Each structure stands twice: as C-alpha cells, then as structure tokens.
Amino acid sequence: MKFSQEFIEQVQDANNLVDIISQYTQLKQSGSGLMGRCPFPDHKEKTPSFSVSEAKQVYHCFGCQKSGNIFTFLNQYQGMSFPQSMEYLADRAGITLPKDTQDFDDKNALKKKEILKLNKAALSFFNLNLERSLKDSLVRQYIIKRGLSEETIKLFRLGWTLPEWETLASHLRSSGYSLDLAEEARLVKRKTKESGFYDIFRERLIFPITNSMGDVLAFGGRILAQGEPKYLNSPETQVFQKGKIFYGLEQTARYIRSEDQIIIVEGYMDLISLFQSGIRNVVATMGTALTSDHGRVIKRLTRNVVVLFDGDRAGREAAERSLSLLLEQDLYPRGLILPDSMDPDDFVKSKGVEELNRLIDRSPDLMNLIFMEWLIGFGGEPSEKIKIANKLKRVLDVIPDFQYRKLYVEQLAPLMGVEKNWLRDTVLSKAASLSVSSVSSSQSPLQSLSQVTKKNGSTPAPVSNSVPKILNSEAVYQVKSASKVEKHLLSLIIKSRANFEYFFAQNLGQFLVNPHMKKLFNFIDQAYRQSPEKFDRLTSLLITQIDDPSVLFYRTPLENQQVKRASQAKQSEVSEADSGWESVDANDTAVIGGSGEVEPSNSDDQRSLELETKFFNDVVKRVKEDFFKERLKTISHELKVGATPEKLEEMREIQKSLKDLKDSKESAEKI
Ligand SMILES: [Zn+2]
C-alpha cells in the first residue's frame, strides 16, 4: 500500500487537476488562473469563487475556504482513500502500479478491477464496430434518423454489436480475456448444448453505462432489427448496481453543477437527445425507479431537481414514487409530465427545445403536481379528505425540514376544502417526523458519498465539510493559533519565489513566535531544499500538512483592490458570457497565484510590484515587532524575579531593535 515519493510525483505529474475538476464544474480563465462555481455540494453559489491554479495544481474556494490538491479533491469529492486515488490517477494516465502495491486489495476488489478492464476492452470493440460500419448499414441509418452527430457519438462513446452470435466472444478470447469472466460481466453466455459462449448483445446500438470517473460499469443496447426486448440492459454485476448509477453523469455532472439544477429523464435516448439540443444538465435512470442512493448522488450536485416524466400511466406512477424519495433527501423537486404521452425525445423533435425549456422553467413543485393528481375526481366527501390526508402524511413525514412541511399544509388545505388547523393536526405528527429528520440530516452528503464508494465494508474516515480532511493522516502543523501577521507571511512566501528566497536567506524564521509556525517554516525550508525547481509544488504539499490551508491563499491588499475594481468594471458592462455567468461578484478575479510570482494585470506592472514588495516588507516588520514585544514581555517578567546585567543588556537591545523597526517604517522601504 505504500507508494514511493517518486511514484506519487510521477502519477501527480501525469494528471492535471484542471481536467479532474472540470468534470464537476465549468472553469474559465480569469487573470492568471481559472475560476468556476464551487463544485462542493455544501457550498451553493451563483457567482464563481472557486479558483484553480494549473501551475501549482491546487484549488481554493474564496467562498467556503476549501482548498486542496488533486488527492484532497478526490478524497473530499469522491470519498476516495489515498490508495484509491493513486490507483485511479495512475490508471487514468496509463501508468502501471508497482507490483507490491497491488495486493492490498482483497479478491473481491481484484475481481471488480478485472471486470472493469474487460468492459473497457469490450467497449473499444463495440466502438470499432460502429466506426467501421458502412453508410447504408442498419446502425448508420438509425443514427441518421435520430439525428445523432459524430460529436455526440464520440462523447457518449456509443458502439455497435454485429448480428453474428460470437463476434465479441471470439474477440475477447483472441485478446487473451477469460470468457468465464466475460460471463460474470454479463457480456457472453455459456452455450447449453455445446461448449463455448455466445454474445448477449447482438445487432444493438450500445450505450456504455459509466460512473462519473469514466469506468465502464455495464451496457445498454437498443435493438435495431426486429426483435425483443427493444432495450437490453446488463443485469446487475459486481461492478454495476442500477439503483446507484445514473446514465450520463460522466458527461453531464459539470453542467448540473453550473446550472445548479438536475433534470431526470428515463432513457438513454432521452438524455442524449436533450444533451444534443443544448439541455445538458440531465441524467437518466435507465428505466428503474429512483432510489435513496440516487437521491444522495443528486444531493452532491444540486438540490434543484426537475423530474421529466413520460405522459403515460407508468410515468405518472413513477412521479408519485419519486416524490418521497427526493423530499427525504432534502431536495427541491419539481415535476413535468409531458403532454400527449410524449417522451422528451419526441417532444424536442416535434415542439422544439425552446418550448421544452419554457416548460421546464415553469414546471410546478412536484408535491403540488402530485396533489393535483390526487384531487382528480375529488368530490369533497369526508372519507375522501381523510384518504388524501393520509397519503399526504406519508409524504410529509419524510421531509427533514419542519418549516417546509408546515408550508405545504398551509398551501394544500384550501385546495382540499379543509381548515389549515385540522390538516396540520392530522398530518404533522412531530414524533414521527423527528426520527426521520434526525436520520437524514445527520449525514453530510460527503459522508453518504464516501459510504457509497467505500470498499470492502470498511468504515470510511468521516469527511469534514469545513476543514479539508487530509488524505489518511491528521494535519501535522496546527497553524490556526498563529497570529494573522504570521499567517500573512506564510501566504506571501508561498506565493512568490522572490519572497521565499529572501525570507530564508535572511533567516527570518527566527522571528516567528508561534511554535507551530516555526516548525512549519523549518519543514518548508527542508522540502524546498530537496528540490528547489519544484517551488510551485510546495503549495500542494503544504495543503496536506496544515490544519487550515486557507491561510495559504490570503490576499494582499493590492489583490483585494484588484478584485474589487474588476468586479465594479464587470458590473458596469453587460456581460453575456456563454455559460450564463451574468452576475459577477467580487470573487470573480480572485485567482490564486499563477506561476509562483505575483502577476500584475497591466501597464502599472511596476507600481503593482512595488506595492506588493512594500506589503511583504511591512509584514516582515510586523512579524519582527511581534517577536521583540513578546521577548520583551518575557524579559521584564524575568527581571522582576531577579535582575542580572545580561538580562538588562538584552532588554536594552530589544528596545533598540524595536525603535529601529519603528524608524525604518517611516523611511523608504528598500531591502
Ligand atoms: Zn466553495
């Protein structure tokens, strides 16, 4: 399980944090860094304050103060342990794990890995079939009929299986894969009368079902010739549990984050059709009912849910079933039942995407929608009222937020012709509700997530939302207790190599007062000396070592000014950014340092540099001042106990130093 430092760095170098984070939120260039909306579920924001530095491979949110590197991100966001993230990143970059690190997994996990590998190979084969298909083939005709672009086919990695019975089986065999394993992956089936295996998916357009990290978990196939069933899905396997997976999330998660809304549809083609027509914050349930696991997946991304149901009877029933599930997770569900029993694909084709967007925007609260369905044929009889009240109670009981429940009662009572008080007494039993809410709110989304991704039944370390939990070890340096000025000093030397070298050349570490800071600066010094060319990597390293990484991202007064000015400028111009970031707040340009140097924006480069240098010098002076004052206190205390000439001399020297510092403050700031 231990990885060498070289190997960790090799894996880190081969992956770009920007690519990983871009899967979950849209990042845009802003000054010397990238900005986007915070991808973390507990921080909802309309304007981007999440900053990523490609040079330093770190992120920091100026809103919720989360910061980290590629490993902390995978830990915080996906609940991966350090070995899991190493494995994921190595695989992503095509790097083979060292042999002795591979056996830490039990057999089960190894089997899962093998199935994923086999699925990946099968998908490549299906992709190739589609690429090689002729213009007048069944699959090409279907693609034209459904209007699928090449770009869409590539993005969703669609494939094609040939009509013959053993093409995949023989391909896998000749590539050295075990067909027994392929049977476990539910790709082939053993023949009953003779030896050998045959393919399960034949003459079907293939939709790979992936997780958000791009692993191929299973397949869905739509038959194109005559035959049944129309859609064939892989049954559940060791790597695929329907109730936990949404189709399309790999491609759409970042749009869901940036729109702060998720649209749930039923089928592959519904999703792809909506995506291609520009509605991209969509997932599909693959024909199953929503589960609580689905609810937790959603909660990681957004709380605003629109469920798009087919207009048929099954669709209406599905709407009712999903209501409790979504409310239980403290989500805000809205619902849309499409007219004339149309599915989303039909609807977009016949009425256009604008019309669908309009309906989505105006879609009613799911609770109200269902309630209206209940009222169909309602005659106002007391027995009917009781019946509806009972149904309502069952739904309301799962809502964690009591205020939310009360609001529904207020709203719905007049619709069923009863007094609000009566309905309140009938449906709002506090005892029942308390138990539910305590269950669902005691779990943070990240905790639920880590429970989903936990392996081998071991309990994952709890993930804190406010302070990043550092991989698998505790933070080593407790800098929280240090003074503000020492924290500023830390951020300044990490930001600029010039500051950094000056600090250590002058041996300024001796003036630090906080013992933890002192130790931390020693550590930094050593880490830097080992490989000075990796100055940029220091930030990423420190994030994992200190209890409050946000200290590393303190802004200087100049940066604060620049941020403010940029925000004012942006507000005065009407910005029609392509991704809909119309309103921009002060955080927009607050990027974290680009390449280890302060990067002034334009013509007053020189002036900016002077201001930054002045600030650094001021901070250094303040640190020294604090040190001398602290020392002075100690000495005066000691003098009270017993004066010695040495102590008196030291006191005079400290007083002199303090005076010098004060004088130099008024004179020009020249190092
Ligand atoms: Zn945030």
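# A guided tour of the predicted model

Among the elements of the protein chain, helix α21 (residues 445–453) has the lowest mean pLDDT, 31, while strand β6 (residues 159–160) has the highest, 98. The model is predicted, and colouring by confidence is a suitable way to begin. Over the protein chain the mean pLDDT is 83, with 86% of the residues at 70 or more.

**Low-confidence segments.** Select residues 431–473, where pLDDT stays under 50. The model has 73 contacts beyond four places in sequence for this segment. Turn next to residues 593–600, over which pLDDT likewise stays under 50; here the model has 25 contacts beyond four places in sequence.

**The antiparallel sheet.** Display strands β1 to β5. They form an open sheet in the order β1-β2-β3-β4-β5, with antiparallel pairing. At its edges are β1 and β5 (67–68), each of which pairs on one side only. Zoom in on β1 (residues 27–30) and β2 (residues 33–36), antiparallel strands joined by four bridges. Leu27 can be found opposite Gly36 in β2. The two strands make up a hairpin with two residues between them. Select Gly31 in the turn: its phi is positive, at about 65°.

**The parallel sheet.** Move on to the open sheet of four strands, whose order is β13-β12-β14-β15 and whose pairing is parallel. The edge positions belong to β13 (282–284) and β15 (332–337); each has a single partner strand, so one side of each is left without a neighbour in the sheet. From one strand to the next, the twist averages 25°.

Within this sheet, select β14 (residues 304–309) together with β15, which pair in the parallel sense over six bridges. Phe309 stands opposite Ile337 in β15. Now add helix α11 (residues 268–276), which lies across β12 (262–265) and β13. Relative to β13, helix α11 runs at about 165°.

**The nonpolar core.** The largest nonpolar core contains 140 residues. Which of its residues touch the most other members? They are Leu271, Val283 and Ala319. Leu271 falls within the residue range of helix α11, and Val283 within that of β13.

End the tour at Ala319. Leaving aside neighbours within four places in sequence, Ala319 is in contact with Val307, Phe309, Gly335, Ile337, Leu366, Leu369 and Ile370. Two of these contacts, Phe309 and Ile337, are the residues that stand opposite each other in the pairing with β15.

Note on methods. Residues numbered from 1 in each chain as written. Predicted model: local features only at pLDDT ≥ 70, side-chain atom pairs only at ≥ 80, totals over all residues. Core = buried A, V, L, I, M, F, W, Y, C linked by C-beta atoms within 7 Å. Buried ≥ 20, exposed ≤ 12 C-beta atoms within 10 Å, placed from the backbone. Contact = placed C-beta atoms within 7 Å. pLDDT = per-residue confidence, 0-100. Pairing = 2+ DSSP bridges. Axes fitted to C-alpha atoms, helices over the stretch in contact; angles between N-to-C directions.
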